[in-house]
Amino acid sequence: MRSPSGTAQRLSPVTKLRAPARAATGLPILATAVPVLGAVALWAVTGSVLSLWFAALAPMMAVAGFGDRVWAARRARRRDDAVAEADSASLSAAIEKEVVRRRDRAWRAWPDIRRLLENPEEVWREVEGRQGHLVLGSGDIPITVAAEHVSDLRAEFAPEVAARTAGTPNLTMPDAPATVPLRGSLAVVGPEPLVAGAVRAMLVQLCLVHPPGDLEITGDLPGGFSWVEELPHRFTPGQHRIALDVSSGWDGPVGEVDASILIGRGGGAGVRVVLGQRATGSAHATVDTGEDSLEIRPQMLSEFQASLLARSLREKISRTAMDSGELALDGLVGPHRASEPGAGARSLVSVIGTSNASAFCLDLVSDGPHALVVGTTGSGKSELLRTWVASLAAHYSPEDVVFVLADFKGGTAFSSLRRLPHVTGVLTDLDEAAATRGIESLRAEVRRREGVLAAAGVRDIAEGAADLPRLVVVVDEFAALLSSHSELANLFIDLTARGRALGIHVILGTQRATGVFREALLANCLLRVVLRAADVADSRLMLGDDSGCRVPAGVRSAGSALVRRATDHRPVPIRVALVGDEFVSRIAARSEAAPVQAPWLEPLPVTVALPGGRNDDTLLIGLADEPHLQRQEPVGIARSVRGLCVVGAAGSGVTTALQTVAAQIGEVEAWVDSDDLERAWDVLNRVAVTRRGAVVVDDADAVLAALPSEYAHVAAGLLETIARSSGEGHPFLLGLERLAGPIARVADLLPHRLLLRHSQRSDYLSAGGVPGHCDPTASAGRGRLDGTLVQVFQAETASRGVRVPNESTWRPPAGLTCWVTRATPGAERIQEQWLARDVVVTGPDHALAGGSPQALEPGRSLVVRAEPEQWQRFWTTLTTLRAQGPLLVDPSCAAEYRILTGRRELPPLCLPGALRGWLLEPGREVSRVRLG
């Protein structure tokens, strides 16, 4: 049997005990004999009879001294006996006081049913050690008391005191709580009425100590215990389980239950309670733990009393339970709005739950003006935030208060509140871009409210001169918001610092407080709510003590919260109410006001038409989205700037952006793209020398990549020349897919850059983009113009500049023509066409037999065809002939072009397989001709 008093304790301080002194009362034999012997010796020497009188004087003095000492010793003995008796009485009183103190402390630690009902605050209160024991009744409990200096006390003065402090256990604590550990099995045997009454008291005792969710009564109920079904512990799942009438007991929490109560049998039980009845009619019990035995007076309840208490507990849980909406918000708020119009400018009072069975209200204005809510998973944090919003909406109209709700833990926490007209918008982490944009718009809302208050000539919204509703920003999972957007921490610090006067209030919910809430944020958020803290550090940071981390996990703790306002000396425990969809629907239907306007603009549309009219100073590019300024306005570049570089993946809207700007320029001198490389080469060479207007180069990187290496190098230089020569009235518009290689040097010469969608993050960063702006899923035309988000305008197709006329078909003229080509399909096809037109095609061996050309009829054409290697064998003849007539070089012989022609400059671009060739005529520049 466990002793409720615990371990032995030393009485301190106590009076120091001392033993009475014992006086020496014997005769001094030696002191008496020495004078006698001296007197006899003197008589023998002197023979004087007078010397014998001295021998008689010594014994007389000894007898007198002995009598005096006996009298003094008796007087000291009486005095010391009185002191010893007083010390013994004092020690006895201290022992009795200690016993009473321990008994009172034991009843406070383990109250019985009567004491729990007399003090309702003790019901379900968590006390260390209380939940682990069951109070069976009261009895004389043996305890141990140790005292100081008892060994100095003579047993004949205080035999009882010496015995009571001599060993363990040495005292009895009358009428003290008799407890047993709540584990294993407990057998209750005896007469059936007594057993039933004792077991009823045990069950009620357990249910008064353990709240629903902490303890569950399970198993089949025996006859006469149907009242147990009314206990909330019967139908509420609990962390610990108690079973009735189990066939066999066990030691420790094995299987599905932690403890069992065996009714009417005790085989194999860990603790055995044997009930009996005295002649006076009172019940008594013997508790046998296997190690010792104790007589107690058991607690007893009738079936009526047990049923009455079960209904009382069920009513208590129905008032305070969070589970399944049993504590409904509409039952606390009432069917009508509690505020008068305009009251929202002065207060934000709302009912969020109950405390001590009465409605608990918070005023976000006076108790806040901002609040922090901390609760681990499953503690009811999201339910609290929904209840708070719904309660404010029930108390105030949209003209008084509006909400911005941000859910960063899945997007469903506030879905049921969207229908409220007070809710301006619900931001979720499912649409990260919209959520970030909406929260950043709050900066603009701060500036707007400052302007409204300044125009009204007031400094605080509570003065009522400004027609502004209070704005409440509610964030669920603030830590998740900061993890993805750490820069927003400064925004919320600013909101909490300036929000009171502007009518902006912030409610931030998170699972952890440590490392999430900065010092500046904590200093401005004086209203703290903790449902269950993760550790002691979180609880102390929020509440100033460790009460927040002592809330146990489980179903019963969901919705239990501790609230601390600036005026509270200690946290106030509350039970949070639930809000149902029907209640939200009634609030939405009751309000006749239209949904309020969100404090931010809608996202940019997917397509935006180019505004009509001409702007003499600006070339419009797109519609800019500036949520921090609450505006969406057209933006562009000045007509006087050098140009614009547009970078984006295929299909991102690069060509559309170039067309939009080109349409505003009017006439474009040249439009270059990768569709016609030969034309692109010709145009670049022309405009680099004779620049007269705007130049557009689309797919510039694709153009350079498709050109042969020599041409690509020269083309990059031409683009750089064009970029440097751009300016007033002659802008250069450059479009490309990725910024790399020599084209990057050209792009750096242009002062403005529009970054559209990129499929690869690395390409976006290499183009100069900010990591946070990269969005591979952005729509076509959505991008960043010098860092500002824009949607590119769409214009009608602009003029693509003056095209170079197509080359006319060239045929061999009369006379001799040298043709350098290889045996390609194109060359064979051209030869067949010429032969059909009566052109003579032969090789150099036959045509130049004898070292000179063969004679031709007047008007006939002779084409001498050979591969470069053959012509090199007739080098002297070739040199002579190319000075007298045309020399045609096929593009397939580009590698030998300079050797055969003797010219160092690059010829016009001529792509192989396109039935084209280079034509060199005496006294003329090389030209590209179409063969046919």
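## Cysteines

A disulfide is a pair of cysteine sulfur atoms within 2.5 Å. By that rule, this predicted model has 0 disulfides. Two of its cysteines can still be placed by how much of their area is accessible. Cys207 has a relative accessibility of 0%, so this residue counts as buried. Cys818 is buried too, with a relative accessible area of 1%.

## An open sheet

Let us turn to the strands. An open sheet is built from 7 strands, and its pairing is mixed. Reading across the sheet, the order is β32-β38-β37-β36-β33-β35-β34. At the edges stand β32 (809–810) and β34 (840–842); each has a single partner strand, so one side of each lacks a neighbour in the sheet.

Inside that order, β37 (residues 916–920) and β38 (residues 927–931) run antiparallel and are joined by 4 bridges. If you would like to find a pair of partners here, look for Leu919, whose bridge partner in β38 is Ser927.

## Salt bridges

Side chains of opposite charge can pair when their charged atoms come close. How many salt bridges does the model contain? The count comes to 34 salt bridges.

Two examples sit within helices. In helix α2 (residues 50–109), Arg101 and Glu98 lie 3 residues apart, about one turn of the helix. They form a salt bridge whose closest N and O atoms are 2.9 Å apart. Arg101 is partly exposed at 37% relative accessibility, whereas Glu98 is buried at 10%. In helix α12 (residues 488–502), Arg498 and Asp494 are 4 residues apart, so about one helical turn separates them. Their salt bridge has its closest N and O atoms 2.8 Å apart. Here Arg498 is partly exposed at 35% relative accessibility, and Asp494 is partly exposed at 26%.

## Around the strands β37 and β38

Another salt bridge joins the side chains of Arg924 and Glu921, at 3.0 Å from N to O. Arg924 is exposed, with a relative accessible area of 55%, while Glu921 is partly exposed at 25%.

There is also a network of salt bridges, which links Glu678, Asp682, Arg916 and Arg928. For orientation, β37 covers residues 916–920 and β38 covers residues 927–931.

## A serine in helix α7

Is Ser307 buried or exposed? Ser307 counts as buried, at 12% relative accessibility. This serine belongs to helix α7 (residues 303–320). Leaving aside residues up to four places away in sequence, Ser307 touches Trp227 and Glu230.

Key: Residues numbered from 1 in each chain as written. Predicted model: local features only at pLDDT ≥ 70, side-chain atom pairs only at ≥ 80, totals over all residues. Heavy atoms only, no water. Pairing = 2+ DSSP bridges. Buried < 20%, exposed > 50% of the residue type's maximum accessible area, 1.4 Å probe, protein only. Contact = heavy atoms within 4.5 Å. Salt bridge = Lys/Arg side-chain N within 4 Å of Asp/Glu carboxyl O.
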